Amino acid sequence: MTAVVVNSAAELAEALRNATGGDVIQLAAGNYDSLIIKDLAYSSDVTITSLDPENPAVFTEPVLFVRAHGLVLDNIVFASSGIEGIQGTSPLLTLQSCENVTMTDLVFTGHIPTEEEGVDPYAADTTRGDIIAGYGYQTGLRIHDSDNVTLEGAEFRDLKFAIYLGESS
């Protein structure tokens with residue numbers, strides 16, 4: 001088992017590519033950009049956790065895992081950076097076609113649009129797809145076509161949808 005400390009999304013991606021089963025990747029406190037990880041499989045779990053539990057790492061852009069097998073995500077925050085760049089179809093964290101993923105003590109925080117950023121919720125021309133002032137707009141966690149995924153101790157705040165779960169167990 002190896003423990004590695006990373007300070008950026010790019011370093012995390014590299015650490016995941018080089019990891020072997022049982023490794024622990026520790027995220028230094030601070031903000032992390034978007035992350036897309038595809039096609040990783042480990043013989044036993046690789047853990048991604050915050051180095052300092054009292055000051056967890058924060059992903060301020062969407063994180064996507066595709067065909068990842070054998071991960072533990074622990075004590076990490078996924079938070080919207082604001083209305084700029086928000087896409088209602090981009091959850092803060094997505095697991096697509098993943099297996100054997102355990103998530104513990106995660107926090108998902110969306111952005112509540114102001115009156116200047118969103119439309120009036122009571123206006124006659126307001127539609128479901130609009131960014132509505134005073135209401136969460138994003139999805140926190142999307143799990144699709146994935147098996148053996150567990151979630152414990154998560155918090156969801158200021159989101160339109162906390163979890164989207166499709167074709168998964």
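## Lining of the largest cavity

Strand 6 contributes three residues to the lining of the largest cavity, the largest share from any element. In this predicted model, strand 4 and strand 6 are the elements that give two or more residues to that lining. The residues lining the largest cavity are Leu12, Leu35, Ile48, Phe59, Val63, Phe65, Leu73, Ile76 and Phe78. By class, nine of the lining residues are nonpolar, with no polar and no charged residues.

The largest cavity encloses about 40 Å³ of space, and the count of cavities of 30 Å³ or more is one.

## Strand pairing

Strand 4 and strand 6 run parallel and are joined by ten bridges. Isoleucine 48 has leucine 73 of strand 6 as its bridge partner; Ile48 and Leu73 both appear in the cavity lining.

Strand 4 also pairs with strand 2, in the parallel sense, over four bridges. Here isoleucine 25 stands opposite isoleucine 48 of strand 4.

## The nonpolar core

The largest nonpolar core comprises 38 residues, and Leu16, Phe65, Leu93 and Met103 have the most contacts inside it. At least two core residues come from each of helix 1 (9–18), strand 2 (24–27), strand 4 (35–50), strand 6 (63–74), strand 8 (93–96), strand 9 (99–104) and strand 11 (139–144). Strand 4 supplies the largest share, six residues.

Beyond its neighbours within four places in sequence, phenylalanine 65 is in contact with Leu16, Leu35, Ile37, Ile48, Leu71, Leu73, Leu93, Thr94, Leu95, Gln96 and Cys98. Among these contacts, Leu35, Ile48 and Leu73 are also listed, with Phe65, in the lining of the largest cavity.

Notes. Residues numbered from 1 in each chain as written. Predicted model: local features only at pLDDT ≥ 70, side-chain atom pairs only at ≥ 80, totals over all residues. Heavy atoms only, no water. Core = buried A, V, L, I, M, F, W, Y, C linked by side-chain atoms within 4.5 Å. Buried < 20%, exposed > 50% of the residue type's maximum accessible area, 1.4 Å probe, protein only. Contact = heavy atoms within 4.5 Å. Pairing = 2+ DSSP bridges. 1 Å grid on protein atoms, 1.4 Å probe; cavity = no way out; pocket = protein on both sides within 12 Å on 5 of 7 lines; lining within 4 Å. Points joined across faces, edges and corners; volume = space filled by probe spheres on them. Nonpolar A, V, L, I, M, F, W, Y, C, P; charged D, E, K, R; others polar.
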